[in-house]
Amino acid sequence: MGLQEALCRAIAHSRFQIGDFKRGLRVRERLRLRGAVVGALLTAEKSNCLPKLLKTGLVLHAMPADAMIECEKLTKRFGHVVAVDHVSFKVKKGSIFGFLGPNGSGKSTVIRMLCGLLEPSDGLGRIAGFDVATQTDAIKSLIGYMSQKFSLYDELTVYENLMFYGRLYGLRGATLAKRRDELIALTHIEPYLERRAALLSGGWRQRLAMACSLVHKPSVLFLDEPTAGIDPVARRELWDLLFEFSSLGMTLFVTTHYMDEAERCSHVGYIHMSKLVVCGVPDDLKTMPIVNPPGTKRLDVTCDHVTVGLQAVRHLPGVRTATVFGQSMHLLLDEGTSEEFLRAELAKSGIPHADIRPIAPSLEDVFVALTTNRKNGNGQ
Ligand SMILES: Nc1ncnc2c1ncn2[C@@H]1O[C@H](COP(=O)(O)OP(=O)(O)OP(=O)(O)O)[C@@H](O)[C@H]1O
Ligand SMILES: [Mg+2]
């Protein structure tokens, strides 16, 4: 492991931001505080280059300002298909970045480029300052990747899969046994250790895949649809794990089609037809003018026979969009459309009572508004 990689890894594992280390000459002092960081410093000291490095600040200044993942106009073409088109964003250390978009929009392709598995056709990708196209060896030790397609060995048991992945990452003997046991405890997979991976249910397969992707203690973890097809309790438990990792300084990059998961992310990016349409904090995105067009309001209408109610209101004058959410409808209306008018129209369809209240847009509303806007040819 090179010096820059060792320092970067150690800092990535600490709870500090890289900016903390760049400030002032107290770098060495601060680094001493953390066991993991001390390890990296010892490597540096052994190579006799630490004083020089600290004097010049070369290593620290080569690192990005707290961005663990960076894309600049990242592009991938497969023949005539442009799968990823000039995508740019940054993900801060320790944050949970949710990457959303319809099927085939380019999410997995972005991940595969950032993991150094696919060469970008154009643009740049960096992990902890390392170029994904040219510094793949450094990147491999920093990242974990839980792919969308299953990467476990079906004919091996849970235990054997864990041991196999451990060895693949160079762990041996007591170190391997310790890490294996940590991962078993973390994912609570002990009851299934002797079961063949092929025979696990979807949720347990996902947990095993996650355990395998964590074997080498990565600083950045890519999870491509980790919760697809698993039950709500397993989803929540998996997210609890992600929050735990994030609190320890790990940077997480998660793709999902679930809006409730997107709401849990510190930042989200939305990609549509290979272009990044928007990127930001969920609450900020909900205040975008495109989601709240001037002269409109949003209402939640809860009533019996909600699907009948939907048919009754969706084509009324002043109703711009109408969508069912469980027992209620979410309506985007012209400001002048009155509640009395809606109640009267619902009554005509045999729905005499409706509970109507104003609501803020959801993330789903944000993505629907942005997608519709692009389909109408207004996207940039
Ligand atoms: N190796 C490849 N060769 C040719 N085309 C590819 C290849 N990999 C991906 N594509 C195409 O690139 C586009 C983006 O695919 P990608 O798998 O990144 O989408 P995605 O957003 O992950 O979709 P999903 O939500 O279904 O997983 C698609 O049109 C896909 O068919
Ligand atoms: Mg995908």
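What share of the contacts in the chain with a separation of 6 or more comes from residues 24 or more positions apart? In this predicted model, such pairs account for 70% of those contacts. The chain has 380 residues, of which 38% count as buried, and its secondary structure consists of 17 helices and 14 strands.

I turn next to ligand 1. The residues around ligand 1 include a run from Asn103 through Gly104, Ser105, Gly106, Lys107 and Ser108 to Thr109. Gly101 and Gln148 also belong to this shell, as do Phe78, Val81 and Ala83. By character, the shell divides into eight polar residues, three nonpolar residues and one charged residue. Which elements each supply at least two residues of the shell around ligand 1? They are strand β2, residues 81–92, and helix α7, residues 107–114. Helix α7 gives the largest share, three residues.

My last topic is helix α15, which spans residues 306–313. Its buried residues are Gly309, Ala312 and Val313. Viewed down the axis of α15, these buried residues fall within an arc of 80°, and therefore they line one face of the helix. On the face turned away from that buried side, α15 carries the exposed residues Thr307 and Gln311. Against which elements do the buried residues of α15 pack? Their partners are the strands β11 (296–303), β12 (319–325) and β13 (328–334), together with helix α16 (339–348).

To close, I would ask colleagues to keep two views of the structure in mind: the shell around ligand 1, to which β2 and α7 each supply at least two residues, and helix α15, with its buried residues lining one face.

Note on methods: Residues are numbered from 1 along each chain as its sequence is written. Chains are lettered from A and ligands numbered from 1 in the order in which they are written. This is a predicted model: local features need pLDDT of at least 70, side-chain atom pairs count only at pLDDT 80 or more; totals for chains, interfaces and linings use all residues. A residue is near a molecule or strand if its C-beta atom, placed from the backbone, lies within 6 Å of it. Helices (H or I, at least four residues) and strands (E, at least two) are DSSP runs, numbered from the N terminus. Ala, Val, Leu, Ile, Met, Phe, Trp, Tyr, Cys and Pro count as nonpolar, Asp, Glu, Lys and Arg as charged, and the others, Gly among them, as polar. A residue is buried if 20 or more other C-beta atoms lie within 10 Å of its own, exposed if 12 or fewer, and partly exposed in between; C-beta atoms are placed from the backbone. The arc is that of the directions from the helix axis to the C-beta atoms. Two residues are in contact if their C-beta atoms, placed from the backbone, lie within 7 Å.
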